[in-house]
Amino acid sequence: MANNLIARGLKRCSTRRFLLWIAPWAALLAFGLYSAGLCLVEGLNQTNMDNRFAFGLWIFLDLTVIALGAGAFFTGFLLYILKVDELRAVINSAVVIGLVCYSGAVAVLMVDVGQPLRAWFTFWYPNVHSMLTEVTFCITCYLTVLFIEYLPIVLKNRKLREIPTFLVFEFELHKLIYVLAGVGTFLSFFHQGSLGGLYGVLRGRPFAFREGLAVWPSTFFLFIISAAAVGPSFVLLTTWLVEKISRKPLVRPAVLELLGRISGLLLAVYVLAKTVDTLVWINRTSPESGFPAAQYYSWRPFGTWILFAEIVLFGLVPALIMLTPRLRAHTGWLVSAAAMACCGVALNRFVQTIQTLALPTLSFDKFLSYYPSWQEVGTFLAVVAYGALVYSFSFRYFQLFPEERERYQI
Amino acid sequence: MTHYIFFGAFYTVIAVVAATLIAAVLRSRRALVSACQVDRIRWNSEFHDLPQRDRVCRHVLTGEFKSRECPHAFDCRECETHARLIEKHPLAPAGEPEEDLFGMQFPLDRFYHRGHTWAHLEPDGTMSVGLDDLGRRLLGVPDAVELPQPGTRVHANSPAFRVRKRDADVRVLSPVDGEVLETGGPGRPWYLRVRPESLDLTHLLRGSEIRPWLMREMERLQLALSLESAGATLADGGVPVADIAASYPDADWDAVCGEMFL
């Protein structure tokens, strides 16, 4: 029975082995759901956040997974709009990654905001002066688009495609997928930007405040570029990981190299833009707010090392590796560079949320420290486990890598 | 004003997504009315899932092209290139001993489908459809056969009948369009007798095309079997046994048949 659900020509492990693989993830998910349930039932007193430190592990997670999930929109944009046909080999995987990241982020937001039964208020009574409204609208819309993009992948399942309605709907929907790719690009472009803009407009937080273009602070553009840069890196990293775990070649090495090249190019643009932005901030924006920039880095552990790590170690270095053909051709270097790029974006989102809130801004303020409670960590782990489970089931029962069948036979 | 622009953009996006879904549903409803259309979609979808090297044009098999992917999902009836090439270089009649290829029987009075079925025009204008010798040896003695009822319409490249062998559930593709008149089975020389809709069989292989095609099929079979950890295998030579499945008791026969029957 289970064999009939697996795509023809693909080799998958036995059901027993698969159950052994998913059991720990399922246990982790159960623990995470319990933690999230506690937060929803008992309230946010279960967390170590408070009115002063309102953004914690969850918002850091949201920003990071949404940046990493950008591979879905960017790969779709490159494949369906710019016709980079080589990326067909990873598009299904990118969609699953995007779906997992965005749905995980929305689920955590529901726990963070609380009162999920009133979630519709944000649409019915939108606060039109808040960038968060744009973020909520765009993320909800894009998640819907991702669900629709995921449908053809599910309906291509060997058993489901035997039902003519599913077969035909999948075929017809797939023909229109470029429309959804275009919509996804439009939505992603704005919500990635708005997430960055959220911090850039905080005049009361000179560490995060940035000047920009018209109503958009520079962080609006930096978030877009950084997400577009690391999205392909995360797709590359995931593909490599799945290849290692499943012990199967899934795509041609040239596809991974192409992803690396795209990522490297955008990362180089990001590093350049981020460097210019940081120099303007150090020399103009911050002093004009009454804070010499060096002051922010006198609070330990947030020394200047964090700036160096963000821009040079996890920005410039992976960009150079991925832009050097000789290094890029070596899987070890390529994968390490992709992992570094992903760490870089996570560090950037950490700086934007945690470091921003930890630094004092008023004379009577203190440097705050925050350490997540186990309920927060549990909810965080639930998203990781959920992602691993959805991806594992998708990999087993759907054809995430169209080249797998031929790669396997080489 | 900016609020109107924002909400305008937001609702436009929702409208575009909804319109895309509705368009897909409407187009699906239209296609679902015709069984022929559903079969065409099924084959097109399955054809594009085939590994690239299995989608090669028949003229690559005969060496006329170095590499070319079939743009018509193996339906050469609508291929202008095929028509032009056949007009330019008509198929040479096969040599005398061609019926015996690699120890298998491939009678030259039949037209062969790349999914290992054949069609034979009978004197009464009907067509018999059966498994070719390699297909027969792959399935050996089937565990079960599911044949269509007389009166059913079959379409070229769509499932004609199903065969179960061990863990394999194989749908065998029809070489022709037509109405099923009578069903046979493993014990008879043919599986279906069909009243054809057209006698245009240009999409099927014949004559001198069979040898190069079969040579490639033997390579594919070797590859598929080697993946099934068949263990020590004779490198070359020999003739396929009558029931190949029986010789590979541990192989995932569903995967092997999935490869060979397209």
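Student: What makes α3 and α9 of chain A a packed pair of helices, and at what angle do they pack?
Tutor: In this predicted model, α3(A) (residues 57-68) and α9(A) (residues 177-200) pack at about 145°, with axes 10 Å apart. Helices are DSSP runs of H or I with at least four residues, and strands are E runs of at least two. Axes are lines fitted to C-alpha atoms, for helices over the stretch in contact, and angles run from 0 to 180 degrees between N-to-C directions. I59(A), L63(A), I66(A) and A67(A) of α3(A) meet H191(A), Q192(A), L195(A) and Y199(A) of α9(A), contact being heavy atoms within 4.5 Å.

Student: Which sources govern these values?
Tutor: Local features need pLDDT of at least 70, and side-chain atom pairs count only at pLDDT 80 or more. Residues are numbered from 1 along each chain, and side-chain values use heavy atoms, without hydrogens and water.

Student: Why is α8(B) called largely enclosed?
Tutor: Buried means under 20% relative accessible area, with a 1.4 Å probe and protein chains only. Because 8 of the 8 residues of α8(B) are buried, this helix is largely enclosed by the rest of the structure. Among them are W253(B), C257(B) and M260(B). Helix α8(B), residues 253-260, lies across β8 and β9 of chain B, at about 10° to β9(B).

Student: How do you know that β6(B) and β8(B) pair?
Tutor: Pairing requires that DSSP find at least two bridges between two strands. β6(B) and β8(B) have 3 bridges, in the antiparallel sense, so the definition is met. One bridge partner of β6(B) residue A144(B) is R164(B) in β8(B).

Note on methods: Chains are lettered from A and ligands numbered from 1 in the order in which they are written. Buried means under 20% relative accessible area, exposed over 50%, partly exposed in between (1.4 Å probe, protein chains only).
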